[in-house]
Amino acid sequence: MRPPPLAWQLAPRFVKSTRRDAATSFLSAVAAAGIALGVAALVLALSALAGLQRALRAEILDRTPQLEIELPAGSDTGELLRAVEKVEGVRFAQALARSRGWLVAGGTAREVEVVAYADRLPRSFPGARTEEAGAGLVLGEELADDLRVRPGDRVELVGTRPTLTPLGPQPRIRALPVAGTFHSGRTERGDRVALPLALADGLLRPGPPVLEVATGSLEEALPLAGRLREVLPAGSAVRTWQDLNRPLFFALHLERAVMFAAVSLIVVVAALVLVADLALLQASRWRELGALAAMGAAPRELGRLFTLLGVIVGGGGAAAGACVGAVAALLLDRFRLVRLPSQVYFLDYLPFAVEWREVGAVLGVAVAFTAACSLWGARRSSEMQPAEALRR
Amino acid sequence: MSVEVRARALTKSYRDGERSVEVLRGVGLDVAPGELVAIEGPSGSGKSTLLHVVGGLDRPDAGELAVGGRSLVGLDPAELARFRSRTVGFVFQFYQLLADFTAAENVLMPARIARLPLGPWRRRAAELLAAVGLADRAAHFPGQLSGGEQQRVALCRALLLEPPLLLADEPTGNLDPASGEQVFALLLDLVRAQGTTCLLVTHNPEMARRCARVLALQNGVLNELSR
């Protein structure tokens, strides 16, 4: 059987023997450890971001409709609702009306966004039970605490549509029962309340008519948007959960990309140490390289030998770093070791999510840096003059 | 197996800072297939340079050089490497064994470089080591061998692939007289047994006399001393 190329035959032995030489073994260890540290830091940082983003995304998406359609003013909501319900993939659709209002209880008034719904409590009000909802207002737990009201209490809702009286326009006020509460969470930007359209009749001055559409999953909602646009009149706007949170998702994506680039610099610096390591390794073996050339090894093959040596040292470091980073992330997540102040954040610990595709990408980038630096570091061997090497 | 070596008007110079040092000044050389030729000359006269040029480790500045009828002028580095692998065996004054490989592995190295199936060459390596009296030292690393033993390993390595041309650069120059004599006798035996063409650089007039021809390199020119 034909042996493998010379570089593959010699590199493992050279790596093994490098340990005997204090200077080269120290530099090799520094380079490998630096790359390992960089890769571990990268894996940990990306896992922390992924964990945080996953939690944040779940939290945000809990409060976002899968699909929302804003219809042009004056359109026939009932007819369009029936048309939408016939579209393949639509599981549920209902008309919504949005308006501003004030909630008054025990002498305290709070401005709220009122979402009036036709059939059932929209999914953007998580944690509330719908059978309780039909009877009245559903408000966030924190708002309920602030107003000191509980399900069954009555509160007054002041609408934006005034009544004209001989004394001038007067606000319309309706006393409504609190039917339930929902988990308002710490990512809510303002106070929201939901109530059935029937109870809101005549009280609010709603904006353009809105339809809420639900389908099987968040992923199914994306292609459904296209199908919905085909049946809707011009001037309608179909927004998916992605469109509704586009700035947030963009920011999360950007954050990860910047983190990746910044932490990658550690790997770059460590890979540059590899160049110095290879230079020292070549200098210490220059005469042996001359002897190999005399036996028929082409200088380019000797260059490949040192490139492979660099890749073994750097790749070993990268693999070790990826293992350390991934195991550390899994342990930190499993035992919730990084605690966060729950008064400040919506979580009381920092979650880590190891995304293996990302770990693969980190490894790939580290090995690519290593290979590039090794190629650069090994160029002296590729350009060596065998006779000069033997004279040293 | 053997080849003829033919050189005409070979010149080679080096730059030493601003100065150009002319080492070979129109060297002519004719070595018949299977001939054993000694080259003498004072230190720094260019004997090693001549061997390196003939062996394809270095390039002449000008002149013609053919080994086995094939011109070496104009070959690219990969072709020169192939030429060295197939045609030339080198023995150096300081052995140049690879420290991380055992004696047997060092002897096998030319077969590894040429990427030949190792099985049969392992057997030949063992035979060669036995022929130079090192069968029991095959598993030792160079650092565990004496100078004479290391040079015998280097001789086996140079002859492993039965190259038609052996270039020996002061092979006994770093050895005590007894070890030097032993290595030289083995070299003569093996070269004669294989019919290899051999160019031998030596400072030892006694050894030079035992070769078929003696040439002297002086002031960059090669002269015939005896035939």
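Biologist: How do the residues of the lining of the second largest cavity divide into nonpolar, polar and charged?
Modeller: This is a predicted model: local features need pLDDT of at least 70, side-chain atom pairs count only at pLDDT 80 or more, totals for chains, interfaces and linings use all residues, and side-chain values use heavy atoms, without hydrogens and water. Ala, Val, Leu, Ile, Met, Phe, Trp, Tyr, Cys and Pro count as nonpolar, Asp, Glu, Lys and Arg as charged, and the others, Gly among them, as polar. The lining includes A:V43, A:S47 and A:E355. The split is five nonpolar, one polar and two charged.

Biologist: Which elements give two or more residues to that lining?
Modeller: Residues are numbered from 1 along each chain as its sequence is written, and chains are lettered from A in the order in which they are written. A cavity is a set of points on a 1 Å grid over the protein atoms alone, where a 1.4 Å probe fits but cannot get out; lining residues have an atom within 4 Å of a point. Helices are DSSP runs (H or I, at least four residues), as are strands (E, at least two), numbered from the N terminus. The contributors are helix 2 (22-61) and helix 12 (356-377) of chain A.

Biologist: What is the volume of the largest cavity?
Modeller: The whole structure holds two cavities of 30 Å³ or more. A volume is the space filled by probe spheres set on grid points, joined across faces, edges and corners. The second largest cavity has about 40 Å³. For the largest, the value is about 110 Å³.

Biologist: Which element provides the largest share of its lining?
Modeller: The lining has 13 residues, with B:V88, B:G89, B:P110, B:R157 and B:A158 nearest the centre. Helix 2 (77-87), strand 6 (88-91) and helix 5 (147-159) of chain B each give two or more. The largest share, three residues, is from strand 6 of chain B.

Biologist: How much area do chain A and chain B bury between them?
Modeller: Contact (heavy atoms within 4.5 Å) links 27 residues of chain A with 28 of chain B. Buried area is the accessible area (1.4 Å probe) lost on putting two parts together, summed over both. Carbon and sulfur atoms carry 58% of a total of about 2,600 Å².

Biologist: Which residue forms a salt bridge with B:D100?
Modeller: The rule (a Lys or Arg side-chain nitrogen within 4 Å of an Asp or Glu carboxyl oxygen) finds two salt bridges across the interface. Here the closest N and O atoms are 2.8 Å apart, and the partner is A:R285.

Technical notes. On a 1 Å grid over the protein atoms alone, a cavity is a set of points where a 1.4 Å probe fits but cannot get out, and a pocket is an open set with protein on both sides within 12 Å along at least five of seven lines; lining residues have an atom within 4 Å of a point.
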